[in-house]
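Please look over the structure shown here. The report that follows takes it part by part.

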Amino acid sequence: MAKVKPRVKVPKTAAKGEIIEIKTLISHKMESGQRKDKKTGEKIPRKIINKFTCTYNGVVVFSADWHPAISTNPYMAFNTVATESGTLEFTWVDDDGSTYSKSAEITVQ
Amino acid sequence: MRWRPIAVVLAFGLFIGAGSAAKAQGDAKLATYSAGDARSGYTYATPATQEMQDDDFANPSFLWIDYGATLWQDVNGEAGKACSSCHDAAEDTMKGVGARYPVYSAELGKPISLEQRINKCRVENMQAEPWKWESRELLSATAYVRHQSRGMPVQVQIDGPMTPFYEAGKAFYFQRRGLLDMACSNCHVDNAGNMIRANLLTQGQSNGFPLYRLKWNGIGSIHRRFRGCNKQVRAAPYGYGSDEYVNLELFVNSRGNDLLVETPAVRN
């Protein structure tokens, strides 16, 4: 996949205090750094997403450090408590320093 | 020996009773994903894989489907057209199309697969470069088009002008080949449901293609799968889009006539 494209799924509305499930998926090669180029025999340099963070109105509610065994197109689902209306920001940090981000709005009644 | 049948019936009854709750759920799934004797590969997949396919969000193929939707609107080629310029919204115009392919092309005098039809359209109507087989573009566009038929029964024509090509595909399917001297049918007819070392053999139904294969870490066409199968029996694979494979695709799809299109499916 040439272009990295994140997808997130957050419920649009939730009751206060409700536990909500958040799903994320990002297209990424996740090159582990352990493989060799079949033709030249040279190692393919590692290029993975090494950090994933989710903030809820600026507060980190979930984060994860990823390592080379994480699969291609990583999928991550987790739960959090709906506290207030606002924005969820998702950030993925690549080995080469680039970041991919996506945000979603939630209304808490 | 009069007690014997009773004992058998009793034992059988107990067996059914014990597993009935889990079995009922499995049966409902089996019914949805089968048609007559034909059983979709979904029914052979592990629960974890089925779960991935059930949830459109967890199903990574949707990265390709989304890209396909973008391509549908993309103006490309000398004619300054996009797919949508002629075909409007794919949700309406492409509904049911993927379920019919491969179809007979009177112009070429042979069946033509969905991939080939898309490229034909690109070359003739859009005056654009054809996409390479298995390129992200062609896979995305094919998956996007066939996805519009999801839930509709596969219905390929095998009579009329298609007869000789259907017969050729059928002959290919039952022809032993390669160093292992195996035909498609040796696994997918004779041994469907049995293990081949660590893998469960399926009927080799094609209703979910193009599909996301965990082994591939991506989505692939039925011809890629054919090539993989041919290589596994140590036979020289045919080319992508070759007449042999289009005929075979026709036969394999016809085996799954009435199965529901699952594109994009997830398999191991």
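## Terms and model

Two residues are in contact if their C-beta atoms, placed from the backbone, lie within 7 Å. This is a predicted model.

## Helix H13 of chain B and its cover

With that contact rule, what covers the buried residues of H13(B) includes strand E2 (38-39), strand E4 (110-112), helix H10 (163-174) and helix H12 (222-232) of chain B. H13(B) is mostly covered, with 10 of its 13 residues buried. The buried set is Tyr245(B), Val246(B), Asn247(B), Leu248(B), Glu249(B), Leu250(B), Phe251(B), Val252(B), Asn253(B) and Arg255(B).

The length of the helix checks out. At 1.5 Å a residue, the 13 residues of H13(B) should span 18 Å. The end C-alpha atoms of H13(B) are 18 Å apart, which agrees.

## Packing of H10 against H13

H10(B) is one of the elements that cover H13(B). The axes of H10(B) and H13(B) are 7 Å apart, and the two helices pack at an angle of about 90°. Angles of 65 to 115 degrees count as roughly perpendicular, and H10(B) and H13(B) are therefore roughly perpendicular to each other.

From H10(B), the contact uses Phe165(B), Tyr166(B), Ala168(B), Gly169(B), Lys170(B), Phe172(B) and Tyr173(B). They meet Glu244(B), Asn247(B), Leu248(B), Leu250(B), Phe251(B) and Ser254(B) in H13(B). By class, the residues of this contact of H10(B) with H13(B) are 8 nonpolar, 3 polar and 2 charged.

## Domains of chain B

The domain assignment splits chain B into domain 1 (39-59 + 153-267) and domain 2 (62-147). The C-alpha centres of domain 1 and domain 2 of chain B lie 21 Å apart. Their contact takes 25 residues from domain 1 of chain B and 21 residues from domain 2 of chain B.

On the domain 1 side, strand E8 (218-220) and helix H13 (243-255) of chain B each supply at least two residues. H13(B) gives the most to that side, with 5 residues. The side of domain 1 of chain B that touches domain 2 of chain B has 13 nonpolar, 8 polar and 4 charged residues.

## Chain A

Chain A has 0 helices and 8 strands. Along the sequence, chain A reads β-β-β-β-β-β-β-β. The C-alpha atoms of chain A fill a box of roughly 60 × 20 × 20 Å along the principal axes.

Of the 109 residues of chain A, 17% count as buried. Among contacts in chain A between residues at least 6 apart in sequence, 55% join residues at least 24 apart.

Conventions:
Residues are numbered from 1 along each chain as its sequence is written. Chains are lettered from A and ligands numbered from 1 in the order in which they are written. This is a predicted model: local features need pLDDT of at least 70, side-chain atom pairs count only at pLDDT 80 or more; totals for chains, interfaces and linings use all residues. Domain bounds come from an automatic or database domain assignment. Helices (H or I, at least four residues) and strands (E, at least two) are DSSP runs, numbered from the N terminus. Ala, Val, Leu, Ile, Met, Phe, Trp, Tyr, Cys and Pro count as nonpolar, Asp, Glu, Lys and Arg as charged, and the others, Gly among them, as polar. The expected span of a helix is 1.5 Å times one less than its number of residues. A residue is buried if 20 or more other C-beta atoms lie within 10 Å of its own, exposed if 12 or fewer, and partly exposed in between; C-beta atoms are placed from the backbone. Axes are lines fitted to C-alpha atoms, for helices over the stretch in contact, and angles run from 0 to 180 degrees between N-to-C directions. Angles under 35 degrees count as roughly parallel, over 145 as roughly antiparallel, 65 to 115 as roughly perpendicular and the rest as oblique.
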